Amino acid sequence: MAENVVEIEGLVKRYGELTALDHLTLEIKEGEVFGLLGPNGSGKTTTINCLLSLLSYDKGSIRIFGREMSPTAYDIKKDIGVIMQNVAVFEELTVQENIDYFCGLYITDKQKKRQCVEEAIKFVGLEDFRKFRPKKLSGGLLRRLNIACGIAHKPKLIILDEPTVAVDPQSRNKILEGIEELNRNGATVIYTSHYMEEVEQICTRIAIMDRGRKIAEGTKEELKAMTKNTETINVALRELPDEVLNEIGALSHIYSAEYTDGILTAACSGGRHNLIRVLEVLQKHDLHIGQVTTVQPTLNDVFLEITGKALRDKED
Amino acid sequence: MFFNEFRYNLLTTLRDRHFIMWLILFPMALGSLFKAAFSDIYENDIKFSPIPTAIVQTQKDDIFKEVIRSVSKGKDALLKVTYADSAEEAEKLLKDGKVAGVITKDGTLGLTVASNGMDTTILKAFTDRYLTEEKLIKDTLEKDPMKLPALTAALKDDLKTVKKVRLTDGVSDPYITYFFNLLAMVAACSSVTGLNVVMQNQADQSPLGARKGCSPTPKLISTLAVLAGCWLTGMMCTAISVSFLAFVLKVDFGSRLGFVYLAAMMGGIMGTSMGFMIGSLVKGSYEKKNAVAMVISLGGSFLSGLMIADIKPDIMEKAPLVNALNPTAVVCDSFYYLNLDADYDRFIGKMVTMLVMTVLFTAVGFIFTRRKKYAGL
């Protein structure tokens, strides 16, 4: 059984009256890609800052690699790679110099450092930009530089705090693929995001946070199993008489049926062949059927069901 | 780890265009402006002008005639001579203010002057010197007349020195003080580089600070390395300014240029440490810290006479403590004392004050950065 790389127990962090972290307990095992998912202000970044001893906390304990974490725990810090939410690079240094600088905070051996820097540049695909200053890079390339600075020293534990904010889809995919590769190479990854698609894509285990508390934890399958909804059927129809809508709503395993703006939405809970049974009812009444889609539940549905609100704002 | 921090801090600072602008180019521009503004005044007021003198010679004296001819010819003449036929005519010239003095040579050598002043002092020195060296001049003229020009040239130079020494004596020369103040301002403005020590090493100040806080480099080493880099840049800035003033603008700092460099560079170190202290004491954004640093630096420069030269003597008289505690004034005073005093006692005193201030500022900076708990991160 894999050992715990990170153990957070009963962590409490208060800012005056506001409780930013409310008795948070987490265990992250070696080799995992652990996702911290939650809306803005849910406590993800506060958790990371406490984890890294950048923030003091009121109660609880944090152990990394089996040892107590503290601001002076340099032997622990040397094995941690950090990619912050805000890009942290020197504007006056080139891509290569930036990576060399951050790598130099961890590695003193010149030859080893040079090799690590080269590998990091290749890893994030910035070979053609090594002499560029950060302000000449696009948002996506800048994020890649930020990642290279965080992983050049080959850490055992990599913490990424919303690394894809304001990044174009191409760079986002590149970043996510990179994280998966780092994990395959043996690194344990902690990944915070409010993009549920990203977390679903790369994380092996996920904790959902809200208002400083962990509200659910498990694999994505385990989390989705927590919801009543197993499938949502959408059918475009020109018209839908009320008696037909009621008939569909009365079908077994369908717990909700609505007709709004020409779309029939039927929410299912368990059962098999739900779509076929819905379509059979519609055909029986000789209704013209347009586009048909089925949607599997998402982590947003899990969040919605537990908290009664959406995971992130629409503009996100 | 120390060298990594030191090296890259130096690189980032030297590539920072704001730094280059304010600590290198701006002082050069201001120095050039001062030079342009004061060069005419130098030419007119400070450059030695021959002293208008009336000569009344009633007896034939070839030695005297030759000496007067020698000291009144050429671009570096000591006297501007008007020969009068009679004592009355010479007195009229003196009365009308057309000459500063009348030298009469009959059996003896006489000097009549209208009032006391620099020119009178020199004329008196000239006549005294002539009387003491008359025999030497006579012997030279008789035995080796070729050596007479060298002898009279030495006489001229010695007497001109009387005027030069007096002119650079203390506050009577208001122009060099502007350049002293300019150097002191550069030293004080080095505080903006000192702010970087805090910005780069405090987790609650910048993403870079937070990022570095996660690394295994101890904060003390990191802070010391960045501070050392900033000290070096502060020293470089002041040294560049001294070099530009001394060798490009040809500002005359006298024979103690090496000590001017030393005082300026010490000032740069002190200014940097002051910035470190301001950065750690003032809460809030970089802009706020920078504003405080600039107000203190430029305010200090104002009080030490950068904008109005006469303000400093007033402050020294009415509020000596302000002058003693103003870092810019301390740097400025070190230059004054270097320029005024024959010995180094007061200069060393100011250097020690700068050193003490540096230690104090650095210590306060360290104490307040170590106390941060990052509650507001």
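Within strand E9(A), the bridge partner of Phe34(A) is Arg205(A). This pair belongs to a predicted model, in which local features need pLDDT of at least 70 and side-chain atom pairs count only at pLDDT 80 or more, while totals for chains, interfaces and linings use all residues. Residues are numbered from 1 along each chain as its sequence is written, and chains are lettered from A and ligands numbered from 1 in the order in which they are written.

Strands E3 (residues 33–37) and E9 (residues 205–210) of chain A run parallel and are joined by four bridges. Strands here are DSSP runs (E, at least two residues), as are helices (H or I, at least four), both numbered from the N terminus; two strands pair if DSSP finds at least two bridges between them. In chain A, an open sheet of six strands follows the order E6-E7-E8-E3-E9-E10, with mixed pairing. Because strand E6 (80–83) and strand E10 (213–218) of chain A each have a single partner strand, one side of each is left without a neighbour in the sheet. From one strand to the next, the twist averages 15° (axes are lines fitted to C-alpha atoms, for helices over the stretch in contact, and angles run from 0 to 180 degrees between N-to-C directions).

Helix H5 (residues 139–151) of chain A packs on this sheet, where H5 touches E6 and strand E7 (157–161) of chain A; contact requires C-beta atoms, placed from the backbone, within 7 Å. The direction of H5 makes about 165° with that of E6(A).

Turning to chain B, the domain assignment (automatic or from a database) gives domain 1 (2–42 + 173–370) and domain 2 (49–167). Taken over C-alpha atoms, the centres of these two domains of chain B are separated by 50 Å.

Note on methods:
Two residues are in contact if their C-beta atoms, placed from the backbone, lie within 7 Å.
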